Amino acid sequence: MASSSPAARTTPKPPEGWPVGSFPTYEKAQAAIEKLSKVDDFPVDELTIVGVNLMQVERVVGRLSWGKILGGGIAYGLALGVFFGLLLGLFQEDWISPLIVGAGMGMVFGMVSAGVPYAMSKSQRDFASTTQIVAGRYDVLCKPANAAKARDVLAGG
């Protein structure tokens with residue numbers, strides 16, 4: 001009987017099963033699962049996609065400058081200020097004043113909240129990037145009872 005303690009529910013465990021296919025992309029591994037799901041009575045809940053040889057990839061998307069930093073901060077602050085200004089305006093007859101004050105205060109807040117961290121890290125990081133975890137390959141695992149059937153279906157073209 002499985003334990004229902006919090007530690008037992010949150011402790012990660014390695015995937016189980018036999019490899020039935022190895023694919024260069026996640027999309028191809030998904031397509032293999034789709035192919036197996038179309039087979040009548042195949043227990044797809046016995047399948048697992050496992051990313052192997054994980055890598056953290058950081059792609060540089062552009063150079064940072066004071067203009068970009070402050071412009072982005074102002075835009076974010078403006079949107080936030082307009083939202084709160086409209087929210088406060090719902091409770092008053094004059095909704096324009098809270099909107100204008102909210103927009104103005106939001107722009108100032110956005111500019112400061114974006115500019116201060118950038119100024120503090122100035123010579124350390126002058127580029128913007130996105131980070132993602134990718135795998136070198138994706139293996140499809142199946143519980144042993146149906147692994148041979150899964151391999152046969154995937155090999156069948």
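Me: Which residues of α2 are buried?
Reply: A29, A32, I33 and L36. Buried means under 20% relative accessible area, with exposed over 50% and partly exposed in between (1.4 Å probe, protein chains only). The model is predicted: local features need pLDDT of at least 70, side-chain atom pairs count only at pLDDT 80 or more, and totals for chains, interfaces and linings use all residues. Residues are numbered from 1 along each chain as its sequence is written, and side-chain values use heavy atoms, with hydrogens and water left out.

Me: Where do the buried residues of α2 fall, seen down its axis?
Reply: Within an arc of 100°, so they line one face of the helix. The arc is that of the directions from the helix axis to the C-beta atoms.

Me: And what do they pack against?
Reply: β1 (18-23), β2 (47-63), β3 (127-142) and α5 (144-155). Contact means heavy atoms within 4.5 Å. Helices (H or I, at least four residues) and strands (E, at least two) are DSSP runs, numbered from the N terminus.

Me: Switching to W66. Which helix is W66 in?
Reply: Helix α3.

Me: Buried, exposed or partly exposed?
Reply: W66 counts as partly exposed, because its relative accessibility is 39%.

Me: What does W66 touch?
Reply: G115, Y118, A119 and K122, leaving aside residues up to four places away in sequence.

Me: How far is W66 from F84?
Reply: Their C-alpha atoms are separated by 27 Å, and the two residues are 18 residues apart along the chain.
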